[in-house]
Amino acid sequence: MIKEKRIKKIQEYVLEHQSASLDELVKVFDVSKNTIRRDVQELVDRGELKKVYGGVSSIHKKLESFQERSVRNQEQKELIAKKAASYVEDGDFIFIDSGTTTIEMFEYLKEKHLTIFTNNIDLIVSAIPHEKLNVISIGGMLERKTSSFVNPQNMDLLKDYNIRKAFMASTGISLSNGVTNASPLESELKKTIVSRSSEVYLLVDHDKFDKYGLMTYCSLDDIDYLVTDKVPNDTYQEYAKNHDIQLVIAD
């Protein structure tokens with residue numbers, strides 16, 4: 001295994017398990033302890049991992065439940081959702097991702113005439129009394145931590161839909177790793193939605209910048225509108241300008 005590929009696999013392994021000893025990594029990757037030490041040190045120097053006694057640990061938290069995440073930065077999430085919902089017009093065919101910010105959009109959409117494609121279980125249930133909302137779900141396996149359907153059996157079905165606007169959630173974003181997600185089961189669906197949508201809106205609060213999860217589901221330059229609650233730093237502003245991404249600040 002070439003060095004860069006091995007280092008990436010080590011990073012993914014530690015992120016999944018939250019921590020690992022050097023002896024464990026030697027056994028898993030079948031290389032010498034000196035090689036593991038060098039690889040780990042490189043990841044530590046990059047700021048991807050941190051050293052602990054006898055090994056290393058992830059600087060990222062495990063995927064929390066939907067309920068745990070929903071109470072954090074609640075006011076900011078509502079502002080972001082309201083701003084994002086203002087881009088939705090009667091007659092739109094939209095996708096609403098499973099996320100604690102995207103679900104807040106429902107309150108501002110429930111009286112519109114819309115077709116909503118979603119894997120978000122809470123949104124599906126909320127939409128039942130609202131006859132103006134036509135809801136389509138691809139189904140799949142229940143992922144309780146994200147309150148969503150994931151890993152649909154028939155991904156080809158998605159290729160038949162032409163989605164006008166997709167409103168996406170993310171565990172974290174960065175210039176180097178793009179738009180990321182903590183649940184591998186959701187990532188393939190997210191990738192497909194981004195590729196099938198005319199306009200992609202990413203809804204993230206300021207805490208999500210310069211952070212990332214296990215899986216990258218699209219590049220940051222695949223986004224058309226970045227909706228957040230605070231103006232990001234100059235690096236992100238410059239990137240947005242150079243890649244025709246519209247920064248939308250909810251206040």
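Here are two short exercises, with worked solutions, on a predicted model.

**Exercise 1: the second largest pocket**

Find out which residues are closest to the centre of the second largest pocket, and which helix gives the most to its lining.

*Solution.*
- Step 1. Start with the space itself: the second largest pocket has a volume of about 410 Å³.
- Step 2. Now look at its centre. The lining is made of 22 residues, and the closest to the centre are Lys8, Gln11, Glu48, Asn177 and Tyr212.
- Step 3. Next, turn to the elements around the pocket. Helix 1 (3-17) and strand 13 (215-218) each supply at least two residues of the lining. Helix 1 gives the most, with six residues.
- Step 4. Finally, sort the lining of this pocket by class: nine residues are polar, seven are charged and six are nonpolar.

**Exercise 2: strand 12 and its partners**

Work out why strand 12 (residues 197-203) counts as largely enclosed, and which strands are joined to strand 12 by bridges.

*Solution.*
- Step 1. Check burial, where buried means under 20% relative accessible area. Six of the seven residues of strand 12 are buried, so the rest of the structure largely encloses this strand.
- Step 2. Look for strand 9 (residues 163-168). Strand 9 and strand 12 run parallel and are joined by five bridges. Here you can find Lys165 opposite Glu199 of strand 12.
- Step 3. Move on to strand 14 (residues 225-228). Strand 14 also runs parallel to strand 12, and three bridges join the two. For Tyr201, the bridge partner in strand 14 is Tyr225.
- Step 4. Put the answer together: strand 12 is largely enclosed because six of its seven residues are buried, and bridges join strand 12 to strand 9 and to strand 14.

Technical notes:
Residues numbered from 1 in each chain as written. Predicted model: local features only at pLDDT ≥ 70, side-chain atom pairs only at ≥ 80, totals over all residues. Heavy atoms only, no water. 1 Å grid on protein atoms, 1.4 Å probe; cavity = no way out; pocket = protein on both sides within 12 Å on 5 of 7 lines; lining within 4 Å. Points joined across faces, edges and corners; volume = space filled by probe spheres on them. Helix = DSSP H or I, 4+ residues; strand = E, 2+ residues; numbered from the N terminus. Nonpolar A, V, L, I, M, F, W, Y, C, P; charged D, E, K, R; others polar. Buried < 20%, exposed > 50% of the residue type's maximum accessible area, 1.4 Å probe, protein only. Pairing = 2+ DSSP bridges.
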